[in-house]
Amino acid sequence: MELICILCPRGCRMNVEPGGDGQWEVKGNGCSRGKGYAVQEMTCPLRTLTTSVWVEGGTHRLVSAKTDRSIPRDKIMEALKQTKGLKVKAPVNIGDVLVENIAGTGANLVATRKVDKVVLA
Amino acid sequence: MFDIAIIGAGVVGCSIARELARYKLDVCVLEAKADVAMGSSGANSGIVHAGYDCKPGTLMARLNVAGNSLYEDIARELDVPFKRNGSLVLAFTDDDMSTLKRLMEQGIKNGVNGLKILPAEEVLKMEPNLNPSIKAALWAPTGGITSPFEVTIAMAENAADNGVQFYLNHAVLSIQRHSDGKFHIETSGGTFIARYVINAAGINSDLISQMVGDDSFRIHPRKGEYCLYDKKWGSLVTSTIFQPPSGLGKGVLVTPTVDGNLLIGPNAVDIDQRNDVDTTYDGLSFVYEKALESVPLLPKNDVITEFAGLRAIADGEDFIIRPSRRAEEFIQVAGICSPGLSAAPAIGRYVASILNGVMQRNGHRLEPKRDFNPYRKGISRFSDADWHTREELIKKDQRFGRIICRCEMVTEGEIVQALHRNPPALTLDAVKRRTRAGMGRCQGGFCTPRIMEIMERELGIPMEQITKKGDGSRIVLGKIKDFLGEDAGC
Amino acid sequence: MLSMKADVVVIGGGPAGLAAALSCHRYGIRDIIILERDSHLGGILQQCIHNGFGLHWFGEELTGPEYAQRFIDQVEKAQIPYLLDTMVVDIDEDKRVYAVNPKHGPIEIQARAVILAMGCRERTRGALMIPGGRPAGVYTAGMAQRLINIEGYMPGREVVILGSGDIGLIMARRLTWEGANVKMVCEIMPYSTGLIRNIRQCLEDYGIPIRFKHTVIKIHGRERLEGVTVAQVDDARRPIPGTEEYVPCDTLLLSVGLIPENELSQKANVQLDPVTGGPVVDEYRQTSVPGIFACGNVLHVHDLVDYVSEEAEIAGYGVWRYLNGLASQYGQHVDRRVKIETGYGVRYVVPQRILGEEDVELFFRSDNIYDDGVVELTDGQRLLASKKFLRIVPGQMERFKIKKQALSGIKPGGRLLIRWRNLA
């Protein structure tokens, strides 16, 4: 299977095929990092999820959020569905945990923006 | 129950509404769309023609010249932009020269003042960016430019201030004449009863006419496409530049607009569909190529938007303004193609006189209202104001200090004003036409979400219900997470 | 009118403006004011909620709002004053800046130096002249991004994206993650201007096809968008008859280029580069008007915000030099700066003028994809510097460092040439 390396602008066109005993054979990689990337993509591609969550009583309607580490790509949609109906209360600070262990991945969904509480005059 | 129901809130309907607001009458205006000026009045050249190109003796010729002369008053009373920048018809060939002579003679017969055929050197001195190979040009100093939708909006607002009631989103479905002589007008928003009906339905005026059994005329839609340039090209020419007229109209023009842009167009294509305002590749290319003949420096890029409008051409190609032969109390104001904008102020007066005639035959007459106020104040424009005025505006209302549309420098204060006028701005396009927010080079990319927030707050319309121009033109289709159903997967 | 004076006025509180103000502050300048038109600092980064920012600058991967907040925190800590909701309306060659906000009304600031950091805007449908109807549902990718990430609303469900710039790619994934169906991305060029990473993670991950050498030739619909006609184009980017295909959709997003926002710069008579759309600057990011500097996307469109921050640092240093009389030699009339022209393979270079008194780094973009070659700087006869590249692509800004020594013999007011040379 053909895979373009994303690690640097050179964008090596790699060929990845299953080798013997669970190993992967990578061709066309310009460096060893490329090989690691190719194997990861073939076995369990990891992605960081970024999304927004509704905020109650905040200076903004939404707070942006991300998983605090990358999660298996297959878990992304499940993780997103878990944010449906979620509403957090202001104030929110960067790094606040909004969902713990999202979709059972071990990663937390954390806030990436500060949202202050609306103070009524 | 109304004395008068006007069908259609284009520049013609609104001019009539304003004129009739001078009298002791209950008047309503029924408009199918979400705003006034949604048809031809919102998409044309914005030219107040001098009147040399109409055939002498026609209604068109008479009302064009009369309407043109009323524009200073209109601008002053209604606080709308108008500039008598003059117009030039260029001649490139010997044939064109005889066309110029014919136009000039025609103009003189029509009562147009100041017409002159100028030699090329003189023309190029006035307009150095014109094609240097021209032979001469017909100079018409009374030609002018205005903003067609602002004129319409201003007339509507002034009519409303003087008691005329506007019903937007009220499409006329059928008209019944009852035995008492009154018209029962069924609309998408309920039934209206009126003694007199004025058919100012533009492109659909023949269909409205047929509702009372009068099929004495047909409207043939003729499409015209335009390109609007960035303001940096607004002074490429100062007067309105025409080419010798073709069989299908006045030809492609190049003109500055009252807002400081440059406009080129239109082409002229007879079409079948009355709602076909699509621009086309061929049409826009034609317009550009033709405009290039007049102004060779015209850039290919820096166009900020393109649009198309329809001209309502009636059989016979003259305006049809007269009582219906089926019912005298039903007055036709149809086939108002170009120069409809120029003639509109005069059409209002002319219709009032026809109406007065019909009423007298019924034992009534138009009685002037003592408290008619001809003045209408436009929205205070931050961008046009000097710093002192701006300071005063912000002192009175802080929202005039918050700029929402950065290209056209429109403030929140102006947008809020537009939302609360009568008739109100209920759509994004309505806000745009009243304030210019979203009309600049970024075409609303920056300000649209911000205007929507203001509309939600001021009008209580939820974001998801805010439309571009009414009906099914919603901007957003749901909240985030809404579409994340159980079946969503990849 | 409120009248003030300041050593430095920074126009724009996005990544460029914040970093430029901080740079000035580090060089000891204290009388600085940042003017920001939005109600918060951070600019467009606040709506770029995806990650991928900061790898070069902070050595870690951040989202847009996080990247912005780091700079905002530093600005707060340094107590650099700023005005929010403040729109600059006018500026002149004497560095008088006119602005307005709801709280103070009109404001006039006499600056000693000005840093232009207004960013850029998106190209629109009107500029592309796509024929058809004018329904709702045709939006620039950035506007859709704001609707979704700031307002919380979905522009549509069935989406076609025109242009494979990074914002378009990011929005393809964002919309997919919200349950919308992104049908395809059309790219008129034979390659993408977006990052490979984004092609992989935003399109390939979700099986969204990218159609190269395709464009949208018609927009269907009167009220809301109903569909688009896409067609293949030839090498001259003209649609090929017979390749038209109707694609039903309710939303068309345009990611077809960014334009530096220089209407204000022009009011101050700042000379612009027709290729970048931004001001012509020297290596200190000083424009043709002494004391007016520019950095970030107002100068040229960057691929990475990290480079914006870097460029803003340079502008801050330039302002410090200017305010301390070190830049007096490049007055309006005696311009000692050397002009850098672009040759084969190079679309643009920033700075376009250099003095060459210190090491200089050139930022450039190629006009096509080139493999295995060198970028060279020559004075017509001599090769002054060169740098090897395995590959250069138009979507990526490249850097080329020139040592001061290499520039020692250049003639004031002369010309240099930057060009690509294939090695194969």
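In this predicted model, B:D302 is partly exposed, because 15 other C-beta atoms lie within 10 Å, a count between the 12 or fewer of an exposed residue and the 20 or more of a buried one. The residue lies in the loop that runs between α8 and β18 of chain B, and its phi is near 70 degrees, a positive value in a residue other than glycine. A comparable backbone feature is found in chain C, where C:Q79 has a positive phi of about 55 degrees although it is not a glycine. C:Q79 is placed in the loop between α2 (64–77) and β5 (82–83) of chain C, and it is exposed, since 8 other C-beta atoms lie within 10 Å and the limit for an exposed residue is 12 or fewer. Most residues other than glycine have a negative phi, and most peptide bonds are trans. Departures from the latter tendency are also present: the peptide bond from B:N422 to B:P423 is cis, with omega near -5 degrees, and B:P423 belongs to the loop between α11 (412–419) and α12 (428–435) of chain B.

A further cis peptide bond, with omega near 0 degrees, leads from C:V350 to C:P351, the latter being found in the loop between β22 and β23 (353–354) of chain C. C:V350 itself stands opposite C:F363 in β24(C), and β22(C) pairs with β24 (residues 360–366) of chain C in the antiparallel sense over four bridges. These strands form part of an open, antiparallel sheet of three strands in chain C, with the order β22-β24-β27. Because β22 (346–350) and β27 (398–402) of chain C each have a single partner strand, they stand at the edges, and one side of each is left without a neighbour in the sheet. From one strand to the next, the twist averages 30 degrees.

Chain C is divided into domain 1 (1–121 + 258–332), domain 2 (124–256) and domain 3 (336–424). The C-alpha centres of domain 1 and domain 3 of chain C lie 26 Å apart, and 14 residues of domain 1 are in contact with 14 residues of domain 3. On the domain 1 side of this contact, the residues comprise six nonpolar, four polar and four charged.

The contact between chains B and C takes 51 residues from chain B and 44 residues from chain C. On the chain B side, α8 (281–294), β18 (303–314), α10 (387–396), α13 (448–459) and β23 (478–479) each supply at least two residues, and by class this side has 21 nonpolar, 15 polar and 15 charged residues. Strand pairing also links the two chains, as two bridges join β23(B) to the antiparallel strand β11 (residues 153–154) of chain C, with B:K479 standing opposite C:Y153.

In the largest nonpolar core, which has 296 residues, B:A5, B:A17, B:I347 and C:I115 touch the most other members. Beyond its neighbours within four places in sequence, B:A5 is in contact with residues including B:C28, B:L30, B:F183 and B:V197. Another core, of 19 residues, lies apart from the largest one and has A:L62, A:I76, A:A79 and C:W177 among its members.

Burial is also seen along strand β2 (residues 32–35) of chain C, from which C:I32 and C:I34 point one way and C:I33 and C:L35 the other, all of them buried. Strand β1 (residues 2–11) of chain C runs parallel to β2(C) and is joined to it by four bridges, with C:V9 standing opposite C:I33.

Methods
Residues numbered from 1 in each chain as written. Chains lettered and ligands numbered in written order. Predicted model: local features only at pLDDT ≥ 70, side-chain atom pairs only at ≥ 80, totals over all residues. Pairing = 2+ DSSP bridges. Axes fitted to C-alpha atoms, helices over the stretch in contact; angles between N-to-C directions. Domains from an automatic or database assignment. Contact = placed C-beta atoms within 7 Å. Nonpolar A, V, L, I, M, F, W, Y, C, P; charged D, E, K, R; others polar. Core = buried A, V, L, I, M, F, W, Y, C linked by C-beta atoms within 7 Å.
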